[in-house]
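Let's take a walk through a protein model together. Have the picture in view, and follow along as we go from the whole chain down to single residues.

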Amino acid sequence: MTALRRLQLLAPHRGYSVTELVVVLALITYVAAVMATNMYGNTENEEVTELFGDLPRSAYSLFQVMTMDGWRFEVVQKVIDDGNPFAWLFFLIFIFIASFAILNLFIALIVDSLAAEQQAIIEEGLDELEEELEGEMVSAEKERAAVLNAIQEMRKEVAALRAIVESRS
């Protein structure tokens, strides 16, 4: 079974983490969209108003920035040309927080899922070893009982032989 398939099988059990990841991403985008709407939405420039005129437009534009799809010339450059020379700082901070931090959280989620899968495999292997050991213990106990029986039989035979030897002497 491939690692990706195991991860897919784990997904229903780890669903809460994915949900939390989406909620954090939505919260970050919402806060940044409110800030961007307040900072850049009140302008006479039609292009910037189209990008940041209201909250949904700001969220969409920030999603575009977060995915780094044309963010430099289609979004940031228009805001800078509108008279906000330090807008690049806001967008770089947003990219750093949203893209890289969320990416790291997502990778941590995958690593955690794979570690849980590895732990499950180890526990399954331990269970198999315990069952195998139990079977061998039962077998060893039977063999021990057979050896003890054989020793008992030999003692009886030695006692009988001793009695025969003593009776002849």
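What follows starts with the overall layout, moves to the core and the helix pairs, and ends with a few single residues.

**Ground rules**

This is a predicted model, in which local features need pLDDT of at least 70 and side-chain atom pairs count only at pLDDT 80 or more, while totals for chains, interfaces and linings use all residues. Residues are numbered from 1 along each chain as its sequence is written, and side-chain values use heavy atoms, with hydrogens and water left out.

**The overall layout**

The protein has six helices and zero strands. Helices here are DSSP runs of H or I with at least four residues, strands are E runs of at least two, and both are numbered from the N terminus. Read from the N terminus, the order is α-α-α-α-α-α.

How much of the protein is buried? Of its 169 residues, 22% count as buried. Buried means under 20% relative accessible area, exposed means over 50%, and partly exposed is in between (1.4 Å probe, protein chains only). The accessible surface comes to about 12200 Å², and 63% of that belongs to carbon and sulfur atoms. Those areas come from the Shrake-Rupley method with a 1.4 Å probe, and for residues only the protein chains shown count as cover.

Now for contacts, meaning heavy atoms within 4.5 Å. Take the contacts in the protein with a separation of 6 or more: 61% of them are accounted for by residues 24 or more positions apart.

**The core**

A nonpolar core is a set of buried Ala, Val, Leu, Ile, Met, Phe, Trp, Tyr and Cys residues joined through side-chain atoms within 4.5 Å. The largest one here has 19 residues, and those with the most contacts inside it are Tyr40, Phe52, Leu62, Val79, Phe90, Phe91 and Phe94. Two or more residues each come from helix H2 (15-40), helix H3 (46-52), helix H4 (55-66), helix H5 (71-81) and helix H6 (87-168). H6 gives the most, with six residues.

Take a look at Phe52. Leaving aside neighbours within four places in sequence, Phe52 is in contact with Ala36, Thr37, Tyr40, Gly41, Ser58, Ser61, Leu62, Val75, Val79 and Phe91.

**Two helix pairs**

How do H4 and H6 pack? Their angle is about 70°, and their axes are 9 Å apart. Axes are lines fitted to C-alpha atoms, for helices over the stretch in contact, and angles run from 0 to 180 degrees between N-to-C directions. That makes H4 roughly perpendicular to H6. For such labels, under 35 degrees is roughly parallel, over 145 roughly antiparallel, 65 to 115 roughly perpendicular, and the rest oblique. Leu62, Val65 and Met66 in H4 meet Phe90, Phe91, Phe94, Ile95, Ala98 and Ser99 in H6. By class, this contact has eight nonpolar residues, one polar and no charged. Ala, Val, Leu, Ile, Met, Phe, Trp, Tyr, Cys and Pro count as nonpolar, Asp, Glu, Lys and Arg as charged, and the others, Gly among them, as polar.

The axes of H5 and H6 come within 8 Å and cross at roughly 140°, which makes H5 oblique to H6. From H5 come Trp71, Val75, Val76, Val79 and Ile80, and from H6 come Ala87, Trp88, Phe91, Leu92 and Ile95. The contact of H5 with H6 has ten nonpolar residues, no polar and no charged.

**Some single residues**

Here are a few residues with their places and relative accessible areas.

| Residue | Place | Relative accessible area |
|---|---|---|
| Ser58 | helix H4 | 0%, buried |
| Ser61 | helix H4 | 2%, buried |
| Thr29 | helix H2 | 11%, buried |
| Ile102 | helix H6 | 11%, buried |
| Met68 | loop between H4 and H5 | 37%, partly exposed |

The partners below leave out residues up to four places away in sequence. Ser58 touches Ala33, Ala36, Thr37, Leu51 and Phe52. Ser61 is in contact with Leu51, Phe52 and Val75. Thr29 is in contact with Ala59, Leu62 and Phe94.

What does Ile102 touch? The list is Leu21, Val24, Leu25, Ile28 and Ile97. Ile102 and Ile28 are 74 residues apart in sequence, and 9.8 Å apart in space, C-alpha to C-alpha.

Finally, Met68 has a phi near 60°, a positive value in a residue other than glycine.
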